[in-house]
Amino acid sequence: MTEDKEIQQVCVLVLDYGSPRSLEDVKTYYTRIRRGHGPSDKELQGLRHKYERIGGQSQLMESTAWQVERLQEELQNELPFAKVTVVQAHKYIEPLIGDVAKELGHYDTVVVLMMNPYGTDILNASYLEPLKPFMNDRWKVVQHWADIPTLVQSWTDRVQKTMRTLPITAKPLYVFTGHSVPLMQGISYDGYVHSLQRVMQSIADQLVLPNATLAWQSAGTRGEWLTPTVEMVTEQAGAEGHTHVVYMPIGFTCTHMEVSYDLDVERREQCDHLGMSYVRVPMPDRDTLFVKAMAHGVLTALLKEG
């Protein structure tokens, strides 16, 4: 941060995937995801059906707005010498990343925080690309923040509360989940996978969880993706006689489509079919510890020299 002004103007730009705000937004949203290629009528009908099943929209926009508001409060308390402004931009829904970035030229410092704590250069690239025309030496980027203790503690607290709801006779399988990624020649996602594994292991060790495993969910329909899939692991749980499957979507930061539909609808139906109880740990939608982890990542980047 520069020190040539009495009050520093600091902007934190929070980037996320975004989500349709209504069923009318679904087509535009998915056309952007598909790089300008709109979904077919059949695909659009299927997509709209998923949103209808979860009430018309996911909680992503509401949850991230709350997190951003709390983040500004947390950072302002930590940086009393500065005027902190936290703004939000989305990858596939308005306000778009590039449109927001072009309005930030008057700040002394801009810190970019991507909502994926497990970011790698490959995963972050598409978020950072629209920022390139505006970035200079006053911009800083939080590369990843998965190893921050308060992030792990946020999950540990919620997992522990969920465990207390299980009957004493339960034989649970604890399934940690992350968003799958496509397997492509010459591209390694080892950093992403290992980050999730470390967080999983930290939670499992603290809570002495038996039968903990990492599974991948929400894969695309084309090509090969990471395995084991959450469907495969759930099927195996039924074959091994587990009574409950406890899903912990540690790869996600709020209750959006991949949680509300891919888990709460599809995996619940699968568990019912297999005669097991479906249990999901609540997401960090309004978790102050999670916000403290976000703030820690921002402060580390902000105070880093160079």
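Let's start with helix 6 and helix 7, residues 190-207 for the latter: their axes come within 10 Å and cross at roughly 50 degrees. This is a predicted model, so please hear everything I say today with that in mind. At that crossing angle, helix 6 and helix 7 are oblique to each other, and the crossing is right-handed. If you want to find the contact on your screens, look on helix 6 for Val152, Gln153, Trp155, Thr156, Val159, Gln160 and Met163. Across from them, helix 7 brings in Val199, Ser202, Ile203, Gln206 and Leu207. By class, that contact has 7 nonpolar and 5 polar residues, and no charged ones.

Notice the spacing on helix 6, with Val152, Thr156 and Val159 among the contact residues. As a reminder, an α-helix has 3.6 residues a turn, so residues three or four places apart point the same way.

Now stay on helix 6, and turn to its other partner. Helix 6 covers residues 149-163, and helix 11 covers residues 288-303. How do these two run relative to each other, roughly parallel or roughly antiparallel? Their axes come within 8 Å and cross at roughly 165 degrees; anything over 145 counts as roughly antiparallel, and so helix 6 and helix 11 are described that way. The crossing here is left-handed, whereas the one between helix 6 and helix 7 is right-handed. Helix 6 makes this contact through Thr150, Leu151, Gln153, Ser154 and Asp157, and helix 11 through Leu289, Phe290, Lys292 and Ala293. Those residues divide into 4 nonpolar, 3 polar and 2 charged. Gln153 deserves a second look: it is listed in the contact with helix 11 and also in the contact with helix 7.

That brings me to charges. Side chains of opposite charge can pair when their charged atoms come close. How many salt bridges are there in the model? The count comes to 13, and I'll show you a few.

The one that follows on from helix 6 is Asp287 with Arg158, where the closest N and O atoms are 2.8 Å apart. Asp287 sits in the loop between strand 8 and helix 11, while Arg158 is in helix 6, so the pair links parts of the chain 129 residues apart. Are these partners buried or exposed? Asp287 is buried, at 14% relative accessible area, and Arg158 is buried too, at 9%.

Right next door in sequence, Arg286 meets Glu62 in a salt bridge at 3.4 Å, N to O. Arg286 is in the loop between strand 8 (277-280) and helix 11, and Glu62 is in helix 3 (residues 60-78), so this pair ties together parts that are 224 residues apart in sequence.

Then there is Arg280 with Asp264, at 2.7 Å, N to O. Arg280 belongs to strand 8 and Asp264 to helix 10 (residues 262-274), 16 residues apart. Asp264 is buried, with a relative accessible area of 18%. You can also look up Glu69, Arg70 and Glu73, which are linked in a network of salt bridges.

Last stop, helix 1, residues 26-33. Which of its residues are buried? Val26, Tyr29, Tyr30 and Thr31 are, and the buried residues of helix 1 pack against helix 2 (41-53). Just after helix 1, have a look at Arg35, which takes a positive phi of about 55 degrees.

Thanks, everyone, and I'm happy to rotate the model for anybody who wants another look.

Technical notes:
Residues numbered from 1 in each chain as written. Predicted model: local features only at pLDDT ≥ 70, side-chain atom pairs only at ≥ 80, totals over all residues. Heavy atoms only, no water. Axes fitted to C-alpha atoms, helices over the stretch in contact; angles between N-to-C directions. Helix = DSSP H or I, 4+ residues; strand = E, 2+ residues; numbered from the N terminus. Parallel < 35°, antiparallel > 145°, perpendicular 65-115°, else oblique. Left-handed = near helix turned anticlockwise from the far one by under 90°. Contact = heavy atoms within 4.5 Å. Nonpolar A, V, L, I, M, F, W, Y, C, P; charged D, E, K, R; others polar. Salt bridge = Lys/Arg side-chain N within 4 Å of Asp/Glu carboxyl O. Buried < 20%, exposed > 50% of the residue type's maximum accessible area, 1.4 Å probe, protein only.
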